[in-house]
Amino acid sequence: MLTIGQLAAHAGVTVRAVRHYHHLGLLAEPERDASGYRQYGAAAVVDLIRIKTLAEAGVPLTRTDELLHAEPGHFAEAITEIDFLDGATW
């Protein structure tokens, strides 16, 4: 299990970004331990890396939520579409 700081470091984002993604509902709030610290698992690392990758590709956060919950085939198609739409506006 990872703390919020460790999660952010693994994904290459700030703790503030992680909290922002929680606020927007893009990243689920994890369980907290007895001390009140958030405890993240491997799935959170994968989700956060996906969010970061989509954001860096220029995908708006409103579309990010759709893609995070997409079936693998739809996600792959959307990523391919993003690659081909270089410079396009969503």
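This is a short tour of a predicted model, going from its helix H1 outward to its nonpolar cores.

Start by selecting helix H1, residues 4–11. Colour Ile4, Leu7, Ala8 and Ala11, which are the buried residues of this helix. Look down the axis of H1: these buried residues fall within an arc of 95°, so they line one face of the helix. An α-helix has 3.6 residues a turn, so residues three or four places apart point the same way. Now turn to the other side of H1, where Ala9 and His10 are exposed. Just after the helix comes Gly12, with a positive phi near 75°.

Next, add helix H2 (residues 15–24). The axes of H1 and H2 come within 8 Å and cross at roughly 100°, and the two helices are therefore roughly perpendicular to each other. To see where they meet, show Ile4, Gly5, Leu7 and Ala8 from H1 with Val15, Val18 and Arg19 from H2. Sorted by class, this contact has five nonpolar residues, one polar and one charged.

What covers the buried residues of H1? Part of the cover is H2, and helix H3 (42–56) is included as well.

With H3 on screen, move to the largest nonpolar core, which has 17 residues. Leu7, Val13, Val18, Tyr21, Leu27, Tyr40 and Leu48 have the most contacts inside this core. H1, H2 and H3 are the elements giving two or more residues to it.

Then centre on Tyr21. Leaving aside neighbours within four places in sequence, Tyr21 is in contact with Leu26, Leu27, Leu48, Ile51 and Leu61.

Finish at another core, which lies apart from the largest one and has six residues, among them Leu54, Ala70, Phe75 and Ala78.

Methods:
Residues are numbered from 1 along each chain as its sequence is written. This is a predicted model: local features need pLDDT of at least 70, side-chain atom pairs count only at pLDDT 80 or more; totals for chains, interfaces and linings use all residues. Side-chain values use heavy atoms; hydrogens and water are left out. Axes are lines fitted to C-alpha atoms, for helices over the stretch in contact, and angles run from 0 to 180 degrees between N-to-C directions. Helices (H or I, at least four residues) and strands (E, at least two) are DSSP runs, numbered from the N terminus. Angles under 35 degrees count as roughly parallel, over 145 as roughly antiparallel, 65 to 115 as roughly perpendicular and the rest as oblique. Contact means heavy atoms within 4.5 Å. Ala, Val, Leu, Ile, Met, Phe, Trp, Tyr, Cys and Pro count as nonpolar, Asp, Glu, Lys and Arg as charged, and the others, Gly among them, as polar. Buried means under 20% relative accessible area, exposed over 50%, partly exposed in between (1.4 Å probe, protein chains only). The arc is that of the directions from the helix axis to the C-beta atoms. A nonpolar core is a set of buried Ala, Val, Leu, Ile, Met, Phe, Trp, Tyr and Cys residues joined through side-chain atoms within 4.5 Å.
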